[in-house]
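Biologist: Could we go through this model together, asking at each step what earns a term its place?

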Amino acid sequence: MIIFFIFILLCQFPYGTAQLTPMKIAVVSGYGSLEPEMQQQLQNSLKWFQSSFLVEKSKNPVEIQDIYLRIPEYQKFSIVLVQTPIHRQNLNFQDLKKLLEIADFTVFVVGQDPKRCQRDQDLLAEALPIVLVPDERPPLAMMSICLQNNPRHQNPSLDSRFFYDLFRHEILHGLGYGLIIDKSSITHKPSEKYIWNHSNGLGQPENRHFLDFDTFALEFTKNHFSCQKMKGVEADGERKNHLNEYIFRNELMTTHLEATGNIFSWISVGIIERTFNGPNQWYHINRTFIAPEADQYTFGKNFGCDFLQKSCHDFIKITEKRSPTLKIAPFCSKNHNQMCYKLPDSQKLYKMSDKDCEMRRVIGDGIDKGGQQRRCPMIKHLPAKFNFVNCPPPPGG
Ligand SMILES: [Zn+2]
C-alpha cells in the first residue's frame, strides 16, 4: 500500500517543481544577413520552434567566455546579427550577454568550409549541438550553411518553404536529434544483417541500423506501419544521424529534403522528446500545435513488416499475393490496376498504366561502405499529394 502511495506521488510530480515554458530561441551570425527569403524562412523556423518546444529554464546561464572557448571564430566579431522569432537586429558582441541570459537555445552561424561544400554538392547546411554541462540539454549549437549549394541557383522556381524545412531540420540536429549519443546505452539497439533481393532474384547482404532514443517513438512507428514486431526506428547509415530515407521518405529528419515539403511527424516528436542524458527530459513538444502537421504524415502507412524488413521487390510480390487491395504507391504494383488518382482539390482523373512505371534509385543507399545501388519500380509523375479512386468504366461499355 505504501509502495502504491509513493508511486502515485511520483506520477503526480515527475519533474519536481520544474516549470516548462516555450523555448526562447535565437540565431546569431557574424556573417551578416542571408538572402532575404532565406533569412525570412530562418525567422519562420524560429517561430515554429518557439511554438513547438517547451523547456525548463537552465540553472547554468551561458557566458560570453563559453562562446569564445567553444566557437573560437567569434573572438573576431565585434558586431553580430541577432535573429529571434520576431526581431532582427545588429548588436555589439558584448551586449550578447543579456540575450544569452534570456535565451534557452542560441544557434551561432559559423563559416562554411568551401572545399567541403564543393566536394558534396548536396550538402546544404550542418549543425552541431554544444553541451556545456554534462547531462544537461545543449544551450548552444553551431550551424554552417553552404551558400554556394543553394538549390535555388539550379531551380529558381523552388518554393521558399524548402528553406523553412532546411532550418527546422538543422536546428533539430542542433538540439541533439541524431547527434546526442545515449550515454547509458539503454535505448541502443545492435545493427543487424539482412539480404536485399534484387529484381533478378540475386541477394545482396546489407546492414540495418537503428536510431538511439526510440523508446517513445517506437510504439507510434509500429502502429503507423502496422508491424508490431518492429525492432527499432531504422536509421540512415551507421552514424545514426537521420531517419532512413527509403523507409520514411518525406519525414523532416530523413537525409534529403523534398521540393514539395517535409513533415515533422509523431515519429520525430518521439525521438526528440526521448533525446536526453541524465534523469530529466530536455524537450517537451506542444502536441496541440504540432498535430495539424504531424497528422499529415502518411508515407508507408500500413505497409507492414515486409516493407520494413525486405527489399521493395519482395515487398511488392508479397503484398500483391496477400493484400491485393492495399495501395502501396509510390511503388508500382498490380494492386493499382484499374486505379486512377486525382489531386486533392480537383475532379480531374489520371489513369495509371504499366508504362507509367520506372526503375528508380532508392535515395539513401550506398551510405554504408560497400553498399550497392538499389533500385525499385516507382510510379512516374506521381504528385506528392493525391487520392486513389476507381477509374470510371470506359465510355460505351
Ligand atoms: Zn541532417
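Modeller: Let us begin with a definition: buried means under 20% relative accessible area, exposed over 50%, and partly exposed in between, with a 1.4 Å probe and protein chains only. This is a predicted model, in which local features need pLDDT of at least 70 and side-chain atom pairs count only at pLDDT 80 or more, while totals for chains, interfaces and linings use all residues. Residues are numbered from 1 along each chain as its sequence is written, and side-chain values use heavy atoms, with hydrogens and water left out.

Biologist: Why is His173 called buried or exposed?

Modeller: His173 has 5% relative accessibility, and therefore counts as buried; His169, also at 5% relative accessibility, counts as buried too.

Biologist: What makes His169, His173 and His242 donors of the zinc ion?

Modeller: Donors are N, O and S atoms within 2.8 Å of the metal (3.2 Å for Na, K and Ca), and since water is not among the atoms, sites may look incomplete. The NE2 atoms of His169, His173 and His242 lie 2.0 to 2.1 Å from the zinc ion, and are its protein donors. Along the chain, their spacing reads H-x3-H-x68-H.

Biologist: Where do His169 and His173 lie?

Modeller: Both belong to helix α7 (residues 161-175), where they are 4 residues apart, about one turn of the helix; helices (H or I, at least four residues) and strands (E, at least two) are DSSP runs, numbered from the N terminus.

Biologist: Which domains does the assignment give?

Modeller: Domain bounds come from an automatic or database domain assignment, which here gives domain 1 (18-176) and domain 2 (324-390). Their C-alpha centres lie 37 Å apart.
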